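Here is a short walk through one protein model. Keep the structure in view as you read.

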Amino acid sequence: FSHGTPQPPGKTPVPGVRHIIAVGSGKGGVGKSTTAVNLALAFAAEGLRTGILDADLYGPSIPKLLGLEGRPAIREDGIFTPHGAYGLKAMSIGSMLTKDQAVVWRGPMATSALRQLLRETDWGELDVLVVDLPPGTGDIHISLFQQVTLDGAVIVSTPQDLALIDAKKAVDMMQRMGVRLLGLVENMSYFIAPDTGRRYDIFGTGGAERAAAELGMPFLGAIPLVMSIREDSDAGRPPLVAEPDGPEAKAFRQIARAV
Ligand code: ADP
């Protein structure tokens with residue numbers, strides 16, 4: 001992270017932001033947002049000035065995961081001041097909605113909202129901005145990939161064929177749009193029963209590592225299915241904050257280093 005990324009014509013840098021990394025997945029519910037948040041916290045723990053942008057406009061999870069309260073402040077010139085949470089700067093459309101309010105927008109509205117969240121936010125000086133993408137491949141992805149040069153994307157999948165098939169599609173889209181693939185994370189990789197210590201490969205095993213090899217991209221690591229990840233996340237205290245010395249936090253930190 002020593003240099004800013006040069007931007008080719010047609011793309012404009014986000015003022016103050018040196019590097020942008022996106023986190024994507026083929027399917028929803030595989031732990032993409034959980035990975036994005038903990039990856040961002042791991043970068044911050046390494047001393048990088050880090051932000052997180054929730055680009056999952058139709059299913060924003062960042063406010064819940066980081067325990068963000070209320071709306072972001074808006075300056076007189078209409079620029080947002082991002083929330084601060086555990087050393088991160090965070091922006092999410094979810095902070096502007098009531099709890100059960102849906103975003104009901106066609107593509108162009110969503111892409112213009114993404115542009116606003118990205119560019120009309122006072123990020124200050126950031127070494128890295130982590131973007132939590134929506135699942136799959138759609139308008140928001142195209143809009144983001146066309147307007148900024150990403151340093152790369154991390155893909156999250158469970159080991160299950162169904163999730164991996166869609167993860168490969170997300171990879172295909174990114175390759176076609178010239179996005180560098182930083183690697184694949186296998187989440188919900190296995191489950192160790194706390195009472196017996198027995199391991200269960202609930203969604204199969206090793207699938208993401210094999211898929212990464214097939215796709216010629218790095219395999220960044222595996223995160224097990226652990227009750228405390230779900231509990232801590234639901235409580236707005238991600239594992240890196242709630243249990244910074246625990247095995248899950250270590251696994252996320254290793255992934256951050258591999259990125
Ligand atoms: P996505 O962004 O892919 O839709 P989320 O990160 O929102 O997925 O995760 C979906 C749910 O699964 C959340 O409730 C989250 O706390 C839980 N979860 C994610 N990863 C794990 C894990 N490794 N172990 C236990 N629960 C997890």
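In this predicted model, begin with helix 5, residues 161-176, and helix 6, residues 207-215. Their axes are 10 Å apart, and the two helices pack at an angle of about 30°. Angles under 35 degrees count as roughly parallel. Helix 5 and helix 6 are therefore roughly parallel to each other. Their crossing is right-handed. Which residues make the contact? Helix 5 brings Asp161, Leu164, Ala167, Lys168 and Val171. Helix 6 answers with Gly207, Ala208, Ala211 and Leu215. By class, this contact has six nonpolar residues, one polar and two charged.

Move to helix 3, residues 107-119, and helix 4, residues 139-147. Here the axes come within 9 Å and cross at roughly 45°. That angle makes helix 3 oblique to helix 4. Helix 3 passes helix 4 in a right-handed crossing. On the side of helix 3, the contact uses Gly107, Ala110, Thr111, Leu114 and Arg115. On the side of helix 4, it uses Asp139, Ile140, Ser143, Leu144 and Gln147. The contact of helix 3 with helix 4 divides into four nonpolar, four polar and two charged residues.

A third pair is helix 1 and helix 9. Their axes lie 9 Å apart, at an angle of about 75°. Helix 1 is therefore roughly perpendicular to helix 9. Asn38, Leu39, Ala42, Phe43 and Ala45 belong to helix 1. They meet Phe252, Arg253, Ile255 and Ala256 of helix 9. Seven residues of this contact are nonpolar, one is polar and one is charged.

Helix 9 also leads to the strands. This helix, residues 247-258, lies across strand 9 and strand 12. It runs at about 170° to strand 12.

Now follow the sheet itself. Eight strands form it, and the sheet is open. In what order do the strands come? The order is 5-6-2-7-1-8-9-12, with mixed pairing. Strand 5 (83-85) and strand 12 (219-223) are the edge strands, each pairing on one side only. On average, neighbouring strands of this sheet are turned by 25° against each other, direction ignored.

One pairing in the sheet deserves a look. Strand 8 covers residues 152-157, and strand 9 covers residues 181-187. They pair in the parallel sense, over five bridges. Alanine 153 has leucine 181 in strand 9 as its bridge partner.

Finish at the ligand. The shell around the ligand draws on helix 1 (32-45) and helix 7 (227-234), and each supplies at least two residues. Which of the 17 residues around the ligand come nearest? They are Gly31, Lys32, Ser33, Thr34 and Ser233. What classes make up the shell? Nine residues are polar, six are nonpolar and two are charged. Helix 1 thus appears twice on this route: it packs with helix 9, and it supplies residues of the ligand shell.

Note on methods: Residues numbered from 1 in each chain as written. Predicted model: local features only at pLDDT ≥ 70, side-chain atom pairs only at ≥ 80, totals over all residues. Near = placed C-beta within 6 Å. Helix = DSSP H or I, 4+ residues; strand = E, 2+ residues; numbered from the N terminus. Nonpolar A, V, L, I, M, F, W, Y, C, P; charged D, E, K, R; others polar. Axes fitted to C-alpha atoms, helices over the stretch in contact; angles between N-to-C directions. Parallel < 35°, antiparallel > 145°, perpendicular 65-115°, else oblique. Left-handed = near helix turned anticlockwise from the far one by under 90°. Contact = placed C-beta atoms within 7 Å. Pairing = 2+ DSSP bridges.
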